[in-house]
Amino acid sequence: MAGNPAPAPHFTGHASCRQSEPGGLVMEGIARWFMLVAVVSALGGMVWGIQMSASQDHLLSPAHGHLNLLGWVSCSIFAFYYHLTPAAAAGALPRLHLGTALLSLLLLVPGIPLAIQDRGEVLAQAGSAAALLSMLIFAAIVLRHRPEKAQFKAVFKPEKRPRTGLQGRSLGTFRSLRRRRTPVA
């Protein structure tokens with residue numbers, strides 16, 4: 001069987017991801033919904049930014065900034081959190097979180113231009129309240145679902161290998177060689 005790659009380790013799966021055919025993990029569930037919102041927000045923010053640059057009219061840049069920050073940045077962070085902490089992705093609270101995050105975007109992004117143009121601040125205020133509620137829900141989810149320490153130790157713990165210096169000698173030997181004034185053969 002020379003030349004055949006070793007089979008990928010078996011993945012038991014969880015609520016927010018599954019193993020794809022080539023060996024990677026696929027984002028699913030609430031994590032995928034947040035990532036889709038993030039990507040759509042990023043694309044909308046980029047197009048809006050290009051339009052503002054081309055027209056040299058940056059009056060609505062605060063709304064553009066909020067779309068990028070709440071839509072692209074926050075929603076992608078939420079997506080990765082739910083993907084990496086599958087226990088937190090289960091239940092009604094994450095769905096409520098997704099709903100309030102979407103509501104905040106739908107109210108705040110058009111509400112800021114209306115407030116800037118003195119056509120009313122109610123939409124922007126409601127969007128701000130929804131954004132705050134969304135973050136409070138996320139904080140509650142994070143506090144409720146503490147990840148297993150072993151999961152992170154296995155991922156982030158560096159491999160223990162002996163430190164070597166010059167020509168495979170141990171670091172202690174290398175240090176003693178540096179102190180000598182005569183070269184070692």
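Start with the contacts of the whole protein chain: of those between residues at least 6 apart in sequence, 58% join residues at least 24 apart. A contact here means heavy atoms within 4.5 Å. The model is a predicted one, in which local features need pLDDT of at least 70 and side-chain atom pairs count only at pLDDT 80 or more, while totals for chains, interfaces and linings use all residues. Residues are numbered from 1 along each chain as its sequence is written, and side-chain values use heavy atoms, with hydrogens and water left out.

Next, colour the chain by secondary structure. The protein chain has 6 helices and 2 strands, in the order β-β-α-α-α-α-α-α along the sequence. Helices (H or I, at least four residues) and strands (E, at least two) are DSSP runs, numbered from the N terminus.

Now switch on the surface. The accessible surface of the protein chain is about 12700 Å², and 64% of that belongs to carbon and sulfur atoms; such areas come from the Shrake-Rupley method with a 1.4 Å probe, and for residues only the protein chains shown count as cover. Of the 185 residues, 30% count as buried (under 20% relative accessible area; exposed is over 50%, partly exposed in between; 1.4 Å probe, protein chains only).

Select Val39, Leu43, Met46, Leu69, Trp72, Val73 and Ile77, which make a nonpolar surface patch of about 640 Å². The elements giving two or more residues to this patch are α1 (29–55) and α2 (61–84), and α2 gives the most, with 4 residues. Patches are made of residues with over 30% relative accessible area and no salt bridge (a side-chain nitrogen of Lys or Arg within 4 Å of a carboxyl oxygen of Asp or Glu); like charges are joined within 9 Å, and nonpolar side chains (Val, Leu, Ile, Met, Phe, Trp, Tyr) within 5 Å. Stop at Met46, in helix α1: Met46 counts as exposed because its relative accessibility is 54%.

Then hide the surface and show the aromatic rings. The whole structure holds 6 aromatic pairs. Rings of Phe, Tyr and Trp (its six-membered ring) pair if their centres lie within 6.5 Å; planes under 30 degrees apart count as stacked, over 60 as edge-to-face and the rest as tilted.

Select Phe34 and Phe78: the ring centres are 5.3 Å apart and the planes at 70 degrees, so this pair is edge-to-face. Phe34 lies in helix α1 and Phe78 in helix α2, so the pair ties together parts 44 residues apart in sequence. Phe34 is buried, at 0% relative accessibility.

Keep Phe34 and add Tyr82: their pair is stacked, 5.6 Å centre to centre with 20 degrees between the planes. Finally, select Phe34, Phe78, Tyr81, Tyr82 and Phe138 together, a cluster linked by ring pairs.
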